[in-house]
Amino acid sequence: MKKNWKKVLVGTLCLVGFLLLLVKGNQFEKVSLISTEGQSYEKAVVTKITKDNLEEDGNRYGTQEVRVQVKSGAYAGEEFDAVNPSGSLFGMENCEVGSRVIVIVSSTDDNAVVTVYSKDRTMAIYLFVLFFCLVICIIGGKKGVEAIASLAFTGVCIVYLMFPLMYQGISPIGITIVVVILSTLLTLWLLGGVSKKTVSAVVGTVSGVVVAAAAAVVFGKAAGITGYNVSDIETLNYVAQNTHIKIGQLLFSGIIIAALGATMDVGMSIASTIQELHERSPQLGTKELFVSGIRVGRDMMGTMANTLIFAYVGGSLSTLVVNYAYNLSYNQLINSYVIGTEIMQGLSGNSWGCADRTDYRSRSSSAYRKEKDSKRTIDAGHL
């Protein structure tokens, strides 16, 4: 009972301290980078098509004119004539009566100009997130609920801790490492409790992320790639001129975040495997468990390396296809900043594997202490 009270007390103090940190970290005023006075994004429903832009060839050109009823904001319940641009990024491809849309309401004095911004995707997103959470909880049971809780905690850390502190001038790499440690501690604690397995997984995860960050920095130095060589540097420079964000570190901070999920997966997987081996065969000593962990880690490296490469290729597929279509020469392509950055992200994300295979040493040490007086030997090759 005393131990339970101690755990509750420690957990409560940690939660209060975390909440105070969130409140303190968000006590600042954002600099207005663009003027949004008199402009708002509101929900609306199309009530009438006043002018369609469908041509005889079946394509749409120009703009579609519709009448919408605003459902939120200061003009809720009122109807306006609106323009629906037929663009790839803005507007809705084909408004119909009853279509739910998001509109831009630009008001000056008593007048309001309304433009269709996009389809209202809010409900679809909410339903998909709910479906995802239900599937995780149904399949994973208690562990699934804990996984959703850890995911929510990581999201809160990124949005309400990492971003605000970056905005105020804190080192993006430093605060990202802090967020990685916090997320790792809570996630692995929820999944494994307070145990040697959890400690091993935490050590492996954190060390793997640090190796990935170091590899990215070294590669960047050698290849002459910095955080200022990204495609949206003009926008970032404008942001940096008006805020305290250290944009030069954002690239490497992103690599750390990208490596966290895979590293945590490998860390806990190997630690759980070694624990299961120890529980099934308590006579195994440090050497046998370590060799088994190495073998499991080698097999996982083969698949996880492909996983990360596929993830980075998938994220930059449009850019790669454009480069392929333009038939750029090899020297031009391999020495461009875009391709160099993608290679750095992909390979540095994979470099954590070498460090992450060490996470089971602390787990296997307990088995060694229990069996150090045992004279029985086991052929590790039979594992």
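Two strands count as paired if DSSP finds at least two bridges between them. With that in hand, the strands of this predicted model offer a convenient place to start. Strands β4 and β5 form a hairpin in which two residues lie between them. Within that turn, Asp109 takes a positive phi of about 55°. The two arms of the hairpin, β4 (residues 100-108) and β5, run antiparallel and are joined by eight bridges. One position along this pairing can be picked out on the structure: Val101 stands opposite Lys119 in β5.

The hairpin belongs to a wider arrangement. Five strands close into a barrel, and their order is β1-β2-β3-β5-β4. The pairing around the barrel is mixed, and from one strand to the next the twist averages 50°. In general, the strands of a sheet pair through backbone hydrogen bonds, in either a parallel or an antiparallel sense. Both senses can be followed by walking along the barrel order. Strand β2 (residues 63-70) runs antiparallel to β3, with seven bridges joining the two, and Gln69 has Glu79 as its bridge partner in β3. On the next step of the walk, β3 (residues 79-85) meets β5 (residues 111-119), and here the pairing is parallel, over two bridges. Two positions serve as handy markers of this parallel step: Ala82 has Val114 as its bridge partner in β5, and Val83 stands opposite Thr115 in β5.

Strand β3 also repays a look at its side chains. Which residues of β3 point to one face and are buried? They are Phe80, Ala82 and Asn84, whereas Glu79, Asp81, Val83 and Pro85 point to the other face and are not buried. This is in keeping with a general pattern: in a regular strand the side chains alternate between the two faces of the sheet. The bridge markers named above fall on both sides of this division, with Ala82 among the buried residues and Val83 among those that are not.

Beyond the barrel, the helices come into view. The protein holds 13 helices alongside its five strands. Two packed helices are described by the angle between their axes and the distance between the axes. For helix α2 (residues 122-140) and helix α3 (residues 142-167), the axes come within 5 Å and cross at roughly 140°. The two helices are therefore oblique to each other, since an angle has to be over 145 degrees to count as roughly antiparallel. On the α2 side, the contact is made by Phe132, Cys133, Ile136, Cys137 and Gly140. On the α3 side, the residues are Lys142, Lys143, Gly144, Val145, Ala147, Ile148 and Leu151. By class, this contact has eight nonpolar, two polar and two charged residues.

Several single residues in the helices are worth visiting too. Ser183 lies in helix α4 (residues 172-192) and is buried, with a relative accessible area of 2%. Leaving aside neighbours within four places in sequence, Ser183 is in contact with Phe153, Thr154, Leu260 and Met264. Thr198, found in helix α5 (residues 196-223), is likewise buried, at a relative accessible area of 7%. With neighbours within four places in sequence again set aside, Thr198 is in contact with Leu188, Trp189, Gly192 and Gly193. Gly267 lies in helix α7 (residues 250-280) and is buried as well, with a relative accessible area of 0%. The C-alpha atom of Gly267 is separated by 9.2 Å from that of Val206, although the two residues are 61 apart along the chain.

Is Asn327 buried or exposed? At 67% relative accessibility, Asn327 counts as exposed. This residue lies in the loop between α9 (317-325) and α10 (330-334). Asn327 has a positive phi of about 55° although it is not a glycine.

Finally, some totals describe the protein as a whole. Of its 383 residues, 34% count as buried. The accessible surface comes to about 23100 Å², and 62% of that surface belongs to carbon and sulfur atoms. Among contacts between residues at least 6 apart in sequence, 67% join residues at least 24 apart.

Terms used:
Residues numbered from 1 in each chain as written. Predicted model: local features only at pLDDT ≥ 70, side-chain atom pairs only at ≥ 80, totals over all residues. Heavy atoms only, no water. Axes fitted to C-alpha atoms, helices over the stretch in contact; angles between N-to-C directions. Helix = DSSP H or I, 4+ residues; strand = E, 2+ residues; numbered from the N terminus. Parallel < 35°, antiparallel > 145°, perpendicular 65-115°, else oblique. Contact = heavy atoms within 4.5 Å. Nonpolar A, V, L, I, M, F, W, Y, C, P; charged D, E, K, R; others polar. Buried < 20%, exposed > 50% of the residue type's maximum accessible area, 1.4 Å probe, protein only. Areas by Shrake-Rupley, 256 points an atom, 1.4 Å probe, with all protein chains shown as cover.
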